[in-house]
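Colleague: Hi! Could you walk me through this protein while I have it open on my screen?

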Amino acid sequence: MADKIIQQGDRKSPEEVIELLQKYFPDAINQKIGQNNKLAVLYATFYGESSLFATVQSGFDATKQDIDNRFGKAEPSFGLTQINADFHLNSILDKMGIDKNDTNIQNAISNNNFYDLDEGTQRAVATWLSNPDNNMTIAVELMNSSKGIKHWTAYKPNNSSWQIQYQAGLTIPNFTPQTQTPPPTNNQNQNNSKQEEAYQRYL
């Protein structure tokens, strides 16, 4: 089994993931990818990537196993949407606020090799991408690029397992709380009662 930096954990509920998707892709529920609803496409694809675990590293071997520091290592894709830190490291480090002048960091970016980073920075990146909000921020960038949903290999609209999750993405209820305003007459009555109570104290 390939060596991993982080272990699997923090599985999100379908409702939590739908809520995250609606936060970062607010118009997706009314948009299409091909003939399919965009929100459900994102849900099904990201389910296929991570099974909704927020803290998770790819189970695949890293590419270029002939390079010493990649031999026996897992692909450095992390989090809910499995962001690949080989190819998106520059943007990730910018958002983390990490100084990119370090030689190891420069090498990692130019070589598209996450494992050129020192171990501390590797763990910091993996941990940062395990935060669903951070992870979704990078996912939005990728979706806004010309490649879009095709960044993710789990986008398999003709696959039966994907289609099951697509249907789930269409039917999972939206738990966004509704703000309820009490009728004005009730508030006025309450205010009047408080005023009367305060007045009675001085009688």
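Modeller: Happy to; we will start with the overall layout and then look at a few helices, rings and loops. Keep in mind that this is a predicted model.

Colleague: Good to know. How many helices and strands does the chain have?

Modeller: There are eight helices and six strands. If you read along the sequence, the pattern is β-α-β-β-α-β-β-β-α-α-α-α-α-α.

Colleague: And what percentage of the residues count as buried?

Modeller: The chain has 203 residues, and 41% of them count as buried. Here is another overall number: take the contacts with a separation of 6 or more, and 67% of them come from residues 24 or more positions apart.

Colleague: Let's zoom in. Where is α2, and how many residues does it have?

Modeller: Helix α2 covers residues 38-50, which gives 13 residues. From first C-alpha to last it reaches 18 Å, close to the 18 Å expected at 1.5 Å a residue.

Colleague: Is α2 mostly covered or mostly open?

Modeller: Mostly covered, with 11 of its 13 residues buried. Among them are Leu39, Val41, Leu42, Tyr43 and Phe46, and the list also includes Lys38 and Glu49.

Colleague: What covers those buried residues of α2?

Modeller: The cover includes the helices α1, α6 and α7, along with the strands β2, β3 and β4. Looking from the other side, α2 is part of what covers the buried residues of α1, and so are α6 and α7. Those buried residues of α1 are Val17, Ile18, Leu20, Leu21 and Gln22.

Colleague: Nice. Which residue caps the N-terminal end of α2?

Modeller: Asn37 does that job: one of its side-chain oxygens lies 3.1 Å from the backbone nitrogen of Leu39.

Colleague: And what follows α2?

Modeller: Ser51 comes after the helix, with a positive phi near 55°. Leu52 also has a positive phi, about 75°, although it is not a glycine.

Colleague: Why is a positive phi worth pointing out?

Modeller: Because most residues other than glycine have a negative phi.

Colleague: Okay! Where is Leu52 found?

Modeller: Leu52 sits in the loop between α2 and β4. Its relative accessibility is 2%, so Leu52 counts as buried.

Colleague: Which loop holds Gln82?

Modeller: Gln82 is in the loop between β5 and β6. Its phi is positive too, near 55°. Gln82 has a relative accessible area of 8%, so this residue is buried.

Colleague: You mentioned β4. Which residues does Thr55 contact, apart from its neighbours in sequence?

Modeller: Thr55 is in strand β4. Leaving aside neighbours within four places in sequence, Thr55 is in contact with Ile6, Gln7, Gln8, Gly9, Asp10 and Ser130. You can also compare Thr55 with Phe78: they are 23 residues apart in sequence, and their C-alpha atoms are 7.2 Å apart in space.

Colleague: New topic, rings! How many aromatic pairs does a search of the whole structure find?

Modeller: The search finds six. In one of them, the ring centres of Phe114 and Tyr115 are 5.2 Å apart with the planes at 80°, so that pair is edge-to-face. Phe114 and Tyr115 are both buried.

Colleague: How are the rings of Tyr155 and Trp162 arranged?

Modeller: They also form an edge-to-face pair, 5.9 Å centre to centre with 80° between the planes. Trp162 has a relative accessible area of 5%, so that residue is buried.

Colleague: Which residues form an aromatic cluster?

Modeller: Phe78, Phe114 and Tyr115 form one. Phe114 and Tyr115 also touch Gln122, which has Ile5 and Leu117 among its contacts as well. Gln122 is in helix α5, and at 9% relative accessibility this residue counts as buried.

Colleague: Last one: at what angle do α3 and α5 pack?

Modeller: Helix α3 (residues 89-96) and helix α5 (residues 119-129) pack at about 80°, and their axes are 11 Å apart. That makes α3 roughly perpendicular to α5. On the α3 side the contact is made by Leu89, Ile92, Leu93, Lys95 and Met96, and on the α5 side by Ala124, Val125, Trp128 and Leu129.

Colleague: Great, thanks for the tour!

Methods. Residues are numbered from 1 along each chain as its sequence is written. This is a predicted model: local features need pLDDT of at least 70, side-chain atom pairs count only at pLDDT 80 or more; totals for chains, interfaces and linings use all residues. Side-chain values use heavy atoms; hydrogens and water are left out. Helices (H or I, at least four residues) and strands (E, at least two) are DSSP runs, numbered from the N terminus. The expected span of a helix is 1.5 Å times one less than its number of residues. Buried means under 20% relative accessible area, exposed over 50%, partly exposed in between (1.4 Å probe, protein chains only). Contact means heavy atoms within 4.5 Å. A polar contact is a pair of N or O atoms within 3.5 Å; within protein, one must be able to donate a hydrogen and the other to accept it, and residues adjacent in sequence count only if both atoms are side-chain atoms. Rings of Phe, Tyr and Trp (its six-membered ring) pair if their centres lie within 6.5 Å; planes under 30 degrees apart count as stacked, over 60 as edge-to-face and the rest as tilted. Axes are lines fitted to C-alpha atoms, for helices over the stretch in contact, and angles run from 0 to 180 degrees between N-to-C directions. Angles under 35 degrees count as roughly parallel, over 145 as roughly antiparallel, 65 to 115 as roughly perpendicular and the rest as oblique.
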